[in-house]
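Biologist: I am new to this structure and would like a close look at a single part of it. Could you take me through that part slowly, and then show me what else is worth seeing?

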Amino acid sequence: MKHLLRKYFHVTSLRRKMILSFSLLIISALAVLQSANTYQTYIILEQNLTDSVHESLRLGLSNIDYFFEDINNLASGILPEAEVQTALSEKVDYSSLETKSTLRALERTIKKYSATRPYVPKVYLVNLDNQILDNSLQGMAAPEINCDPQTSSLCLSDVHYAPYISQHTPVISFEKNIYSLYTGNQKLGRLIVDMDTRVINQVLYDFSLPMSGETFLINNKKTVLCRSGKYPLSNEAFVNALNFSISKKDGSIKINNEKFLCLTETSPLTGWTLCALIPYNLFARSIGIQMNLTLILFVICILAAIIISRPIINSMYKPIGMLITSMKEVEKGNLNSFVSYHNQDELLSLVEGYNSMLTQIRNLIEQVKNKERSKRQAELYALQAQINPHFLYNTLNSIRYLAKLHNTPDIRDITVSLIHLSSASLASDEFITISQELELANDYLHIQKVRYGEDVVDYECQITSPDIINYLIPRFSIQPLIENALFHGILPKGSGKIHTMLTRMSNDIIIDIYDNGIGMSPEKIEELNCLLEADQYQEYGNNSFEVRKLKNIGIENINHRVKINFSAEYGILLKANPAGGIHVRLKIPAIREDKRYEKSIHS
């Protein structure tokens, strides 16, 4: 079987391979997804159910807590009343008319607050002698109320029957201590509010759980206060099973050999716990239905993927086939074999890239031909330019010798400066030290001062760090900038000043040249900066850069050489000098003799 598959893949076409591979990939992926989904669906369904039930439990506890908060507000409103303070402060004598009058006034005050709360059947006071201050409750004992601040912020009693109600309705008593308004810490007695438990039962009856679940409300003593649902479980069986898992927020418990998912929420106000039981058999049945629906959906997706894959793969193969045909034509030398494809998809970029490649190949072939012609022409210019400097260099040496022989120092000095410049132009070194470049600039200025007079230019060179002069710089980088400043800025003005400043900044060297000449307009400066930043040259033809650089050396030439030797972040930038004239900034990397073409890294 393995051999047959290998043979099939070896001899079949690319289109069939793509269809078969795509189909197998989809089937395998969906099979893995189905296996993972069987497990994930169970987890997600249980988690969603858990979250939903927890939210319902919190809502149910919130509804129950609302009544206790309302009772707490009721008690807080009654406590500062003058009748309450008076009744607890006086001696109680039920046979006394004064006591009876005080208790009637107290009863009216209490009814003023409790009349609007039908779930509060009784509110009464208990003094420090444990006497109930109510004419209808004479001789009765106050209910036992527990106050445990660790489990509840309220003082509540267990469920008990109220003897003053004929139906013997179960109530829960709420207690709050009463203190004197005048002495502050002096306790006068207690206020007790009875709440009808039927209002809590109603909250649970309105509470619904999925999958025929059961709800239990238990207090901090693990006593069932009330429950909802019709599942056949006894309170005792539930409490016994819950003793093991009550410490856990969620878990599973067994009651009468049946497994339940038990979810709990505890009220921080009352300390009561609301528990929800969901039978696992109903839960698993719901998951099984979900799994079957998912399986059916996956089978439909597999069939749809196989049907849809065929036209998709065919549409992908069509431009590939066109490219293969075109490549065969290119192999025969036909560079006009372009591919026509107009669908707006990713393959359009591939086809356009292929067509662009053919165009570039044609252009490159033409450029190579033009470059060869330009190179031959540049060699002729180079030969002519090389003959003239050698002849000038030899002639200048003869003049220097004659000036020395006839003791004419001015002629000798200017000739020496010119010899230095000519010697530098003939040198083969691409890089020289900054100190050597500054000497060439001084030789050039010496010649110009002899020609135009000492007062034509005031030159100043400022070096911020002595070690800068030992770094390398492309030959003839500073001198042409000073030449431009002199000829295009100072001489048209008549005279002026040129200031050169060299600064070391981290791994770079900044060379600033200022002149106070005639300057340029901001528009012209912006235009030149754009050309320098783009570093655009006409590479071929009679006006090629190789030819022009042999004729003159200027700002464009310096900028181009710096960017070629280093990177686009270096070069020349022109600015307006605030003092008048132009400010030229040349940025180069700090390189040493031992690292001629690498950036130096200094601390």
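Which side chain does aspartate 512 meet in a salt bridge, and at what distance from N to O?

Modeller: Happy to. A word on the model: it is predicted, so local features need pLDDT of at least 70 and side-chain atom pairs count only at pLDDT 80 or more, while totals for chains, interfaces and linings use all residues. Residues are numbered from 1 along each chain as its sequence is written, and side-chain values use heavy atoms, with hydrogens and water left out.

The partner you asked about is arginine 585: its side chain and that of aspartate 512 meet in a salt bridge at 2.7 Å, N to O. The two come from distant parts of the chain, 73 residues apart, with aspartate 512 in strand β16 and arginine 585 in strand β18 (residues 582-589). A salt bridge here is a side-chain nitrogen of Lys or Arg within 4 Å of a carboxyl oxygen of Asp or Glu. Strands (E, at least two residues) and helices (H or I, at least four) are DSSP runs numbered from the N terminus. Aspartate 512 is buried, because its relative accessible area is 2%, whereas arginine 585 is partly exposed at 28%. The cut-offs are under 20% for buried, over 50% for exposed and anything in between for partly exposed, with a 1.4 Å probe and protein chains only.

Now look at the neighbour of β16. Strand β16 (residues 508-515) pairs with β15 in the antiparallel sense over eight bridges, and pairing requires that DSSP finds at least two bridges between two strands. Methionine 505 of this pair stands opposite aspartate 508 in β16. The hairpin of β15 and β16 has two residues between the strands, and serine 506 takes a positive phi near 60° there. That is worth a pause, since most residues other than glycine have a negative phi. Serine 506 is not a glycine, and with a relative accessible area of 58% this residue is exposed.

Strand β15 (residues 496-505) is mostly covered, with seven of its 10 residues buried. Besides β16, β15 is joined to strand β13 (residues 457-463), this time by seven bridges and running parallel. In that pairing, cysteine 461 stands opposite threonine 500 in β15.

Another positive phi, again of about 60° and again not at a glycine, belongs to phenylalanine 476. You can find phenylalanine 476 in the loop between β14 (472-474) and α11 (479-490). Unlike the exposed serine 506, phenylalanine 476 counts as buried, at 9% relative accessibility.

Helix α10 (residues 434-452) holds glutamine 436, which is partly exposed at 38%. The C-alpha atoms of glutamine 436 and isoleucine 469 are separated by 8.2 Å, with their positions 33 residues apart along the chain.

Back to salt bridges: a search of the whole structure finds 13 of them. One of these joins glutamate 81 and lysine 112, at 4.0 Å from N to O. Glutamate 81 lies in the loop between α2 and α3 (82-89) and lysine 112 in helix α4 (residues 97-114), so this pair ties together parts that are 31 residues apart in sequence. Glutamate 81 counts as buried at 18%, while lysine 112 is exposed at 54%. Aspartate 134 and lysine 122 form another, their closest N and O atoms being 3.2 Å apart. Here the loop between β1 (122-127) and β2 (145-146) supplies aspartate 134 and strand β1 supplies lysine 122, so parts 12 residues apart in sequence are tied together. Both aspartate 134 and lysine 122 are buried. Glu55, Arg58 and Glu265 are linked in a network of salt bridges.

One more sheet rounds off the tour. Five strands form an open, antiparallel sheet in the order β8-β7-β11-β10-β9. Its edge strands, each pairing on one side only, are β8 (224-228) and β9 (250-255). Within the sheet, five bridges join β7 (residues 214-218) to β11 (residues 273-279), and leucine 217 stands opposite leucine 274 in β11.
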